[in-house]
Amino acid sequence: QVQLVESGGGLVQAGSSLRLSCVASGRTFNDAAMAWFRQALGKEREFVAGISWNGGATKYADSVKGRFDISRNNRENAVYLRLTNLKPEDTAVYYCAADLHTEGPYYTGSLCPSAYAYWGQGTQVTVSS
């Protein structure tokens, strides 16, 4: 059974930092672009950050650029998201996902959730002001 399991969320104050982890099991995702999405209460799921299969390229939503950092460790079949200078508007459930489309070594994943074949269950991040 293929699983993506996120961890690292929590309740923090504005300006704090968190590191989210996503560990895959059941198959390797070393050949897949990976991404983090988030979904706030009452809002649609939105792209946060993506990383190419080899880690050589990354992409960020404008709202998190300069504050969040995505990375991966293919030996551990894991992807990470470092969140810094958190704001109340970052409050959401954060999901990792795998995009199996083969679009080249610099493909950082689709911005569209429907393109992703595998999803984790999510981890809650709550930022208080």
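**A first look at the cavity and the sheet**

1. The largest cavity holds about 60 Å³ of space. Please keep in mind as you read that this is a predicted model. A search through the whole structure turns up one cavity of 30 Å³ or more.

2. Which residues line the largest cavity? You can pick them out in the viewer: L4, C22, A24, F29, N30, M34, R72, N73, N74, N77, A78 and V79. Sorted by class, the lining of the largest cavity has seven nonpolar residues, four polar ones and one charged one.

3. It also helps to see which elements take part. Two or more residues of the lining of the largest cavity come from each of β3 (18-25), β7 (68-73) and β8 (78-83).

4. Now for the sheet. Four strands form an open sheet in the order β1-β3-β8-β7, and their pairing is antiparallel. From one strand to the next, the twist averages 15 degrees.

5. Why do β1 (3-7) and β7 each have one side without a neighbour in the sheet? Both strands stand at the edges with a single partner strand each, so one side of each is left open in this way.

6. The pairing of β1 with β3 is a good place to zoom in. These two strands run antiparallel and are joined by five bridges. To find one contact in the viewer, start at S7: its bridge partner in β3 is S21.

Notes: Residues are numbered from 1 along each chain as its sequence is written. This is a predicted model: local features need pLDDT of at least 70, side-chain atom pairs count only at pLDDT 80 or more; totals for chains, interfaces and linings use all residues. Side-chain values use heavy atoms; hydrogens and water are left out. On a 1 Å grid over the protein atoms alone, a cavity is a set of points where a 1.4 Å probe fits but cannot get out, and a pocket is an open set with protein on both sides within 12 Å along at least five of seven lines; lining residues have an atom within 4 Å of a point. Grid points are joined across faces, edges and corners, and a volume is the space filled by probe spheres set on the points. Ala, Val, Leu, Ile, Met, Phe, Trp, Tyr, Cys and Pro count as nonpolar, Asp, Glu, Lys and Arg as charged, and the others, Gly among them, as polar. Two strands pair if DSSP finds at least two bridges between them. Axes are lines fitted to C-alpha atoms, for helices over the stretch in contact, and angles run from 0 to 180 degrees between N-to-C directions.
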